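Look at the model first. Then work through the questions below.

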Amino acid sequence: MPKSREMFERARKVMPGGNTRTTVFIDPFPIYAQRGEGCRVWDVDGNVYYDCINNFTAMIHGYGHPAVTAAVVDQMPRGSAFGAPTESELDLAELLVERLPSVEQVRFANSGTEGVMMAIKAARAFTERSKIVKIEGAYHGSYDFAEVSLDSSPANWGDMPASTAYAKGTPKGVLDDVIAVPFNDTEALRAVFDAHGDTIAGVLIDPMPNRAGLIPARKDYLDAMVEIAHAAGSLVIFDEVISLRLGYSGAQGLWSITPDLTALGKIIGGGFPVGAVGGRADVMAVFDPTRGKPALPHGGTFTANPVTMRAGLAAMRALTPASFAHLDAIGSLLREGITASLARHGLNGQCVGLGSLFKVHFTALPITDYRSVYPGASERMKLDLFHKGLLDRGVLSASYGLFALSTSMTEEDAREILSAIDSAVAAIAPKQ
């Protein structure tokens, strides 16, 4: 990959570490993408890969979807952004309100991070409380409060999670206003609300948190969360930036849960930068400027720009119940195949997930939460070998074992991906 190496050396001169996104860095250098088509990407050296990360779950249709491309081509000559609202944001908002029963009103932003940030701020403005409860190890973007306890380690583990900083220099006040709890543990959640309930604005939950293991939440846990939070006068915030791709009405539709606020992003932008927060009308009223300064002012130069809105509308319209059935089918094929491959080659590991998402963990221990999948040195080595082994075999995935499929993949594609995964697993097995 000489051209990728050369580009990385150029990049190191003008970007810290030669990088703009920590997540795409690979040691000793990342591959540089040149183009994408359907479910494949080509790098600058001409190598072709099945794309099984799809820009970290955002490209649910892969690349060059005709309806999305046509929507963008049609909009660009008309203008890419205005200092005024357009019908495009209304159209996408109506679609989201229709698909998500818990969402009565929507407000757009430019990233999933912003969507989560505005949801947290909305919960605080509505309740006039400051504290947020979140799951240990769960990723919710780059907002300080959402990053707390993202990568806690055995060095600071106790019986209950402690609020730990992700980035150096995080103010103590941020840590004081975030309470981390273990995943799928109803009693721990209840104990936190018993102790702090009158100060808690909301509980933030990704129902299948990627960085915390991609373990699905239990239905009884989510039901109890709603009950406990509401009894304390707090709100439930669903982070569906990723999990919206699990079904026609997102994860909340699969679990039949009605959160008060929902953060959105990724697939609702059709491949363009996007974020959103939606929820109950009375809660969303904190953004309402029609009676003077709102409780929560919010703006953004490129928020709801018509290119993103039109691309997102086309992408979401193409996500039919049949599309989700197809994603479920190829996802199940791969999860079952990977499980069989690990067993066949005698390699300790498990594959977890739902729908178009799955994750490989190199552990034989029961998988329950962030701590149960925290990788030691041996597990990190296997993940690295697995990731690079797949690159050698023409499959692009996340370095930490995450896979995200696209509607452009066929069953034949899925079987070829599974063959590459089986070969990569076979190569690792002798090294365990």
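**Sheet, cores, a buried glycine and a pocket**

Q: In what order do the 7 strands of the open sheet lie?
A: The pairing in this sheet is mixed. Two strands pair if DSSP finds at least two bridges between them. Strands (E, at least two residues) and helices (H or I, at least four) are DSSP runs, numbered from the N terminus. The order is β4-β10-β9-β8-β7-β5-β6.

This is a predicted model: local features need pLDDT of at least 70, side-chain atom pairs count only at pLDDT 80 or more, and totals for chains, interfaces and linings use all residues. Residues are numbered from 1 along each chain as its sequence is written, and side-chain values use heavy atoms, with hydrogens and water left out.

Q: Which strands are the edge strands?
A: An edge strand here pairs on one side only. The edge strands are β4 and β6.

Q: Which residue in β6 stands opposite Val133?
A: Strand β5 covers residues 131-135. β5 and β6 pair in the parallel sense over 4 bridges. Opposite Val133 stands Ile179.

Q: What angle does the direction of helix α5 make with that of β8?
A: Helix α5 packs on the sheet, touching β8 and β9 among others. Axes are lines fitted to C-alpha atoms, for helices over the stretch in contact, and angles run from 0 to 180 degrees between N-to-C directions. The angle is about 175°.

Q: Which element gives the most residues to the largest nonpolar core?
A: A nonpolar core is a set of buried Ala, Val, Leu, Ile, Met, Phe, Trp, Tyr and Cys residues joined through side-chain atoms within 4.5 Å. The largest one has 50 residues. Phe108, Ile268 and Phe386 have the most contacts inside it. With 8 residues, the element that gives the most is α15.

Q: Is Gly213 buried or exposed?
A: Gly213 lies in the loop between β7 and α9. It touches Val352, Lys359, His361 and Val373, not counting residues up to four places away in sequence; contact means heavy atoms within 4.5 Å. Buried means under 20% relative accessible area, exposed over 50%, partly exposed in between (1.4 Å probe, protein chains only). Gly213 has 0% relative accessibility, so it counts as buried.

Q: How far apart in space are Gly213 and Asp159?
A: In sequence, Gly213 and Asp159 are 54 residues apart. In space, C-alpha to C-alpha, they are 19 Å apart.
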